Amino acid sequence: MGIKKKNTKNPPVLSHEFVIQNHADIVSCVAMVFLLGLMFEVGPFFMCVFVLSGVSEGPEETAVNHFHHGIKDLATVFFYMLVAIILHAIIQEYVLDKINRKMHFSKTKHSKFNESGQLGVFYLFSFGWGTSILLNEHFLSNPVNLWEGYPHLLMPFQMKFFYICQLGYWLHALPELYFQKTKKEDIPRQLVYISLYLVHIAGAYVLNMNRLGLVLLVLHYFVELVFHISRLVYFSNESRQTGFTVWAVLFVLGRLLTLSLSVLTVGFGLATSEQQGFDMAAGNFNVLLVRITVLAAICLSQAFMMWKFINFQLRRWREQRQTLTLKKKQAPAKSKSKKEKSKRGGFYLKALV
């Protein structure tokens, strides 16, 4: 019999399958164009806008340069969005895919494992980075710094770069819906939480509430990190569900702390600040309408997350209740079948005797 030849045909160039299979290489080539532009005399000034973190301002009394946001940050965010796509593909190919081959997950577990793996790495990195900035800038030891001296127009390099990378990562999640062939029923859920991240991070960055935004992001990322680690542990062994209980407690505490810090900073701290008024040139947005809008956005997002959390816990409780009832029904059925078998065995023995 003839040996069947394997189908080694590559998809047509620029087709959907070709772009999906080679999207990391394509994006790497685009990123290399910006990096190569730095090597020539014509391009450095233009290319620095994409690669570096915008315009800097160094106060005369300090040796450390501080940065402020501007329209050029859009180009920088675009570049780091490309970097995030490349890193996403590297983690997927060299880490998550190898684990998936060993564990032999089902399709549903496969997609959830990839999601938790990618987000777990991102949350761990962002939580560690954000915590180091908070400790270096003494925001945790002195919470008054969250609103004192507003508007916080100038930022240290690490804080500005942190926000640039955050915006770049969550923007990269939009094309990843196409690259990862996300199911149509999962796309609305993904779009909702990606939009929430982008709106809140960009809002804190543009309105010069970067200190409050950094604290709330670190707090939120820690809670999300615990959830995705718990889910990864659950996929390795389904009997290990303690992490979800720890996450549930931290989730509620995180929502309470987020609301408390937001009301304390925006509702009381900025409201009693000396610098009141709207001045876009100076970066001052400390007016009643902006404060109400910010608090409303934070409260609505926390209420939405709490509603999703309650629905998740109720669904989980119902599933556990159904499994318990099924086990109880199966137990007497098994005992009855054992009794019938013993009776049948006794009848056969009597017949043989």
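Me: Helices here are DSSP runs of H or I, at least four residues long and numbered from the N terminus; in which helix of this predicted model is histidine 88 found?
Reply: The structure is a predicted model, and the secondary structure of its protein chain comes to ten helices and five strands. Counting from the N terminus, the helix that spans residues 73-103 and holds histidine 88 is H4.

Me: Is histidine 88 buried or exposed?
Reply: Beyond four places in sequence, histidine 88 touches Gln118, His172, Glu176 and Gln180. A residue is called buried when its relative accessible area is under 20%, and because histidine 88 stands at 10% relative accessibility, it counts as buried.

Me: Where does histidine 104 lie, and is it buried or exposed?
Reply: Histidine 104 is found in the loop between H4 and H5, and although this residue is not a glycine, its phi is positive, at about 55°. The cut-off for exposed is over 50% relative accessible area, so histidine 104, with 65%, is exposed.

Me: Which loop holds histidine 138, and which loop holds proline 151?
Reply: Histidine 138 is a residue other than glycine with a positive phi, near 60°, and its place is in the loop between H5 and S3. Proline 151 follows a cis peptide bond from tyrosine 150, with omega near 10°. Helix H5 covers 107-137 and strand S3 covers 155-156, and proline 151 is in the loop between H5 and S3.

Me: How are H7 and H8 oriented to each other, parallel or antiparallel?
Reply: Helix H7 (residues 187-206) and helix H8 (residues 210-236) have axes 8 Å apart and pack at an angle of about 150°. Angles over 145 degrees count as roughly antiparallel, and H7 and H8 are therefore roughly antiparallel.

Me: Which residues of H7 meet H8, and how many residues of the contact are charged?
Reply: On the H8 side the contact takes in Asn210, Gly213, Leu217, His220, Tyr221 and Glu224, and these are met from H7 by Tyr197, Ile201 and Ala204. By class, the contact of H7 with H8 has five nonpolar residues and three polar ones, and the number of charged residues is one.

Me: How far apart are the end C-alpha atoms of residues 117-135?
Reply: An unreviewed UniProt entry annotates "transmembrane region" over several spans, including residues 117-135 and 191-208. In the model, residues 191-208 are 89% helix and 0% strand, with end C-alpha atoms 26 Å apart. Residues 117-135 are 100% helix and 0% strand, and their end C-alpha atoms lie apart by 27 Å.

Me: What does valine 287 touch, leaving out residues up to four places away in sequence?
Reply: Valine 287 sits in the loop between strand S5 (284-286) and helix H10 (288-352). Glycine 277 is ten residues away from valine 287 in sequence, with 5.4 Å from C-alpha to C-alpha. With residues up to four places away set aside, valine 287 touches Gly277 and Phe278.

Me: What is the mean pLDDT of the protein chain, and over which residues is the pLDDT below 50?
Reply: The mean pLDDT of the protein chain is 83, and 83% of its residues reach 70 or more. Where pLDDT is low, the predicted coordinates should not be read in detail. Residues 1-7 have zero contacts in the model beyond near neighbours in sequence, and residues 344-353 have zero contacts beyond four places in sequence. The mean is thus 83, and the pLDDT is below 50 over residues 1-7 and under 50 over residues 344-353.

Conventions:
Residues numbered from 1 in each chain as written. Predicted model: local features only at pLDDT ≥ 70, side-chain atom pairs only at ≥ 80, totals over all residues. Heavy atoms only, no water. Axes fitted to C-alpha atoms, helices over the stretch in contact; angles between N-to-C directions. Helix = DSSP H or I, 4+ residues; strand = E, 2+ residues; numbered from the N terminus. Parallel < 35°, antiparallel > 145°, perpendicular 65-115°, else oblique. Contact = heavy atoms within 4.5 Å. Nonpolar A, V, L, I, M, F, W, Y, C, P; charged D, E, K, R; others polar. pLDDT = per-residue confidence, 0-100. UniProt positions renumbered as here; feature names shortened; annotations may be inferred. Buried < 20%, exposed > 50% of the residue type's maximum accessible area, 1.4 Å probe, protein only.
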